[in-house]
Amino acid sequence: QVQLVESGGGLVQTGGSLRLSCAASGRSISSDDMGWFRQGPGKGREFVAAIRWIGGTTSYADSVKGRFTISRDNAKNTVYLQMNSLMPEDTAVYFCAARTIRDLRYTYWGQGTQVTVSS
């Protein structure tokens, strides 16, 4: 089992930046694909970004491409989401998730961290 804990959320003005962290414990996530998802007010959960365990290949939702950057530090067992040029529509609870090499879906989820962007 792996436990994921997000941090770094908060209140920021339009155009500002935040860096979210997702700290894993229980086992190493170095062989897991890791993702960030978000759920805005009254909306369903949506994909934000992902980073593969092999090669570090990244992918992003079109809505955040060019503004957000996902990265990982396997030595710290942590995944990050650098968010720049934030907009009010980025307001959401952000979740990190892990997918093992045996799974087709993300099966381990954190509790989420709130990001609020004021206009």
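This report describes the overall build of a predicted protein model, then its strands and a few loop residues.

## Overall build

The protein chain has 11 strands and zero helices, and read from the N terminus its elements run β-β-β-β-β-β-β-β-β-β-β. Along the principal axes, the C-alpha atoms of the protein chain fill a box of roughly 40 × 25 × 25 Å. A compact globule of 119 residues would have a radius of gyration near 14 Å, and the 13 Å of the protein chain agrees with that value.

Of the 119 residues in the protein chain, 45% count as buried. When contacts with a separation of 6 or more are considered, 55% of them in the protein chain are accounted for by residues 24 or more positions apart.

## Surface and charge

The accessible surface of the protein chain comes to about 6100 Å², and carbon and sulfur atoms hold 50% of that surface. Among the side chains of the protein chain, 13 are positive and 9 are negative, while the centres of these two sets lie 3 Å apart.

## The strand at the start of the chain

Strand S1, which spans residues 3–7, has two faces that differ in cover: Leu4 and Glu6 make up the covered face, whereas Gln3, Val5 and Ser7 make up the uncovered one. S1 pairs with strand S3, residues 18–25, in the antiparallel sense, and five bridges make up this pairing. Within the S1 and S3 topic, one position can be named on each side, as Leu4 stands opposite Ala24 in S3.

## Strand S9 and its partners

Strand S9 covers residues 92–99, and it is mostly covered, since seven of its eight residues are buried. Strand S4, residues 33–39, runs antiparallel to S9 and is joined to S9 by seven bridges; here Phe37 has Phe95 in S9 as its bridge partner.

S9 also pairs in the antiparallel sense with strand S11, residues 113–118, over three bridges, and the bridge partner of Ala92 in S11 is Val115. A further antiparallel pairing joins S9 to S10 through two bridges, with Trp109 in S10 as the bridge partner of Ala97.

## An exposed loop residue

After S9 the chain enters a loop that leads to strand S10, residues 108–109, and Leu104 has its place in this loop. With a relative accessible area of 79%, Leu104 is exposed, because a value over 50% counts as exposed. Leu104 and Ser21 are 83 residues apart in sequence, and their C-alpha atoms are 24 Å apart in space.

## Two residues with positive phi

Most residues other than glycine have a negative phi. Asn77 is not a glycine, yet its phi is positive at about 55°. Asn77 lies in the loop between strand S7, residues 68–73, and strand S8, residues 78–83. The relative accessible area of Asn77 is 13%, so Asn77 is buried, as values under 20% count as buried.

Ser85 likewise is a residue other than glycine with a positive phi, in this case near 50°. The place of Ser85 is in the loop between S8 and S9, and at 41% relative accessibility Ser85 counts as partly exposed, because that class covers values between the cut-offs of 20% and 50%.

Key:
Residues are numbered from 1 along each chain as its sequence is written. This is a predicted model: local features need pLDDT of at least 70, side-chain atom pairs count only at pLDDT 80 or more; totals for chains, interfaces and linings use all residues. Side-chain values use heavy atoms; hydrogens and water are left out. Helices (H or I, at least four residues) and strands (E, at least two) are DSSP runs, numbered from the N terminus. The radius of gyration is taken over C-alpha atoms; the globule rule is 2.2 Å times the number of residues to the power 0.38. Buried means under 20% relative accessible area, exposed over 50%, partly exposed in between (1.4 Å probe, protein chains only). Contact means heavy atoms within 4.5 Å. Accessible areas come from the Shrake-Rupley method with a 1.4 Å probe; for residues, only the protein chains shown count as cover. Lys and Arg count as positive and Asp and Glu as negative; His and the chain ends are not counted. The place of a charge is taken as NZ of Lys, CZ of Arg, CG of Asp or CD of Glu. Two strands pair if DSSP finds at least two bridges between them.
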